[in-house]
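Work through the exercises below with the sequence and the model in view. Each task is followed by its solution.

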Amino acid sequence: MIMNTLDDFNAGVRRDALDKLAASGGFPEPGVLFNMHCHSFFSYNADGWSPSRIAYECRREGLCAAALCDFDVLDGLDEFLTAGRVLGLRAAVHMETRSYVREQAAADISSPGEPGVAYIMGCGYTAVPQAGTPQGDFLAQLRQGAQDRNLALIARINAALPAIALDYARDVVPLTPKGVATERHIIRAYCNRSKAAFTDDAARAAFWAPLLKCDASAYPAIEADVPRWEELVRTALAKRGGIGYAQPDETTFPLADLFLPWVKSCGAIPTITWLDGTSAGEADPEYVIDLMIAKGGAALNIIPDRNWNLKKPDEAARKQANLDAIVKACVKRDLPINIGTEMNKGGLPFVDDITGPVLGKYAAAFTQGMYVMVGQTLLGLYADAPYLSERAAAEFPNIATRNAFFAAVGAAPALTEADAQALLDAGPDKAFAMLADRASAE
């Protein structure tokens with residue numbers, strides 16, 4: 001099936017499949033929904049989707065925009081932006097990592113059970129930093145840091161579970177297209193290894209049942225549900241309390257004080273993230289936002305599904321109230337909001353319904369944030385005028401006005417390859433005017 005070749009590890013195969021699928025047409029008109037936080041197989045995607053596959057599936061579902069957001073790498077940047085132009089999908093590229101916040105060293109923030117550790121992002125990258133530059137060197141450090149943590153995790157688990165011991169090069173690296181594995185790849189490799197080590201179903205159940213804290217008789221059903229199986233194995237082996245877990249400190253991840261300025265130096269938007277407001281470090285949304293703005297944060301990311309789509313009414317009410325507080329705090333500060341689903345769970349639906357009774361209250365803020373990220377991408381890529389550039393600050397010193405302009409640029413119809421070439425041929429100054437004209441025409 002040609003769609004599956006969109007996930008081939010060979011970039012040429014993926015591009016050929018994308019061109020053929022785009023030429024076949026049949027896409028719906030873009031609607032009002034979007035997903036601005038999609039992990040690809042360059043870090044981890046539950047369905048093994050490539051950047052091209054994500055763009056295609058989003059376009060096929062009628063989304064009006066999408067953003068790639070991989071951990072620690074920008075390996076899918078060019079592919080995703082190209083796919084957006086080929087398919088007629090507004091596109092942006094983000095990156096996510098974890099950071100250490102010294103001021104909150106004693107408090108959980110957005111990484112439960114890990115005081116001082118916060119997820120953090122850069123939004124709207126337009127190019128991969130060149131090797132040998134300060135920006136390129138920092139990106140390489142992120143990549144190396146991720147690998148060092150992986151190797152240390154595997155060493156701890158191997159020591160505890162020698163029966164399924166992994167070899168990183170043999171068992172983990174082949175699961176990724178460019179050798180950048182995540183914790184989830186490691187867990188998948190341990191699951192695969194257990195099948196090779198214990199070919200007898202009963203023996204495998206006997207091995208895993210104590211680790212997963214289940215009866216051996218219940219284990220086969222767990223293994224049959226692969227996402228659930230991998231999540232339980234991840235909890236047992238790698239998460240807090242797991243046999244391979246090591247408590248992080250300020251040497252484990254980059255300092256937020258270093259990461260956020262680096263994002264700006266790359267021409268992207270330094271972005272704070274928010275989990276659900278239940279931790280001590282997120283209890284006061286005004287404080288945490290202002291703290292991170294002081295470090296250079298200029299936008300905020302939310303995964304809304306964590307905050308409203310809950311089975312327990314009391315938990316849902318508490319987290320929805322927290323969501324309301326953080327959105328209001330952002331709106332008060334004219335802080336753009338980026339939302340998405342991560343695509344860690346697999347399957348459909350993979351988009352937040354901002355037309356529903358809960359998220360519909362924030363549709364205007366979420367939609368403007370999405371268009372700001374698209375506008376940031378276009379103005380950064382073609383006009384050399386990203387959101388935090390000197391030109392943007394001079395033209396739009398008022399942040400609300402800047403948001404409105406960038407959102408208007410992002411709201412124009414998705415660029416085609418011909419449109420993009422015309423902007424490149426025009427040069428930055430003329431391209432700025434051309435993008436402004438496109439915005440005013442809408």
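**Exercise 1.** Which residue in S2 is the bridge partner of Cys38?

*Solution.* This is a predicted model, in which local features need pLDDT of at least 70, side-chain atom pairs count only at pLDDT 80 or more, and totals for chains, interfaces and linings use all residues. Residues are numbered from 1 along each chain as its sequence is written, and side-chain values use heavy atoms, leaving out hydrogens and water.
- Find strand S1 at residues 34-38 and strand S2 at residues 65-71; strands are DSSP runs (E, at least two residues), numbered from the N terminus.
- S1 and S2 pair in the parallel sense over three bridges; pairing requires at least two DSSP bridges between two strands.
- The partner of Cys38 is Leu68.

**Exercise 2.** Is S2 mostly covered or mostly uncovered, and how many bridges join S2 to strand S3?

*Solution.*
- Six of the seven residues of S2 are buried (under 20% relative accessible area, 1.4 Å probe, protein chains only), so the strand is mostly covered.
- S3 spans residues 90-100 and pairs with S2 in the parallel sense over seven bridges.
- Ala66 stands opposite Ala91 in S3.

**Exercise 3.** At roughly what angle do the axes of helices H16 and H18 cross?

*Solution.*
- H16 covers residues 399-411 and H18 residues 428-441; their axes (lines fitted to C-alpha atoms over the stretch in contact, with angles from 0 to 180 degrees between N-to-C directions) come within 8 Å and cross at roughly 80°.
- H16 is therefore roughly perpendicular to H18 (65 to 115 degrees).
- Phe405, Ala408 and Val409 in H16 meet Phe432, Leu435, Ala436 and Ala439 in H18, with heavy atoms within 4.5 Å.

Conventions: Helix = DSSP H or I, 4+ residues; strand = E, 2+ residues; numbered from the N terminus. Parallel < 35°, antiparallel > 145°, perpendicular 65-115°, else oblique. Buried < 20%, exposed > 50% of the residue type's maximum accessible area, 1.4 Å probe, protein only.
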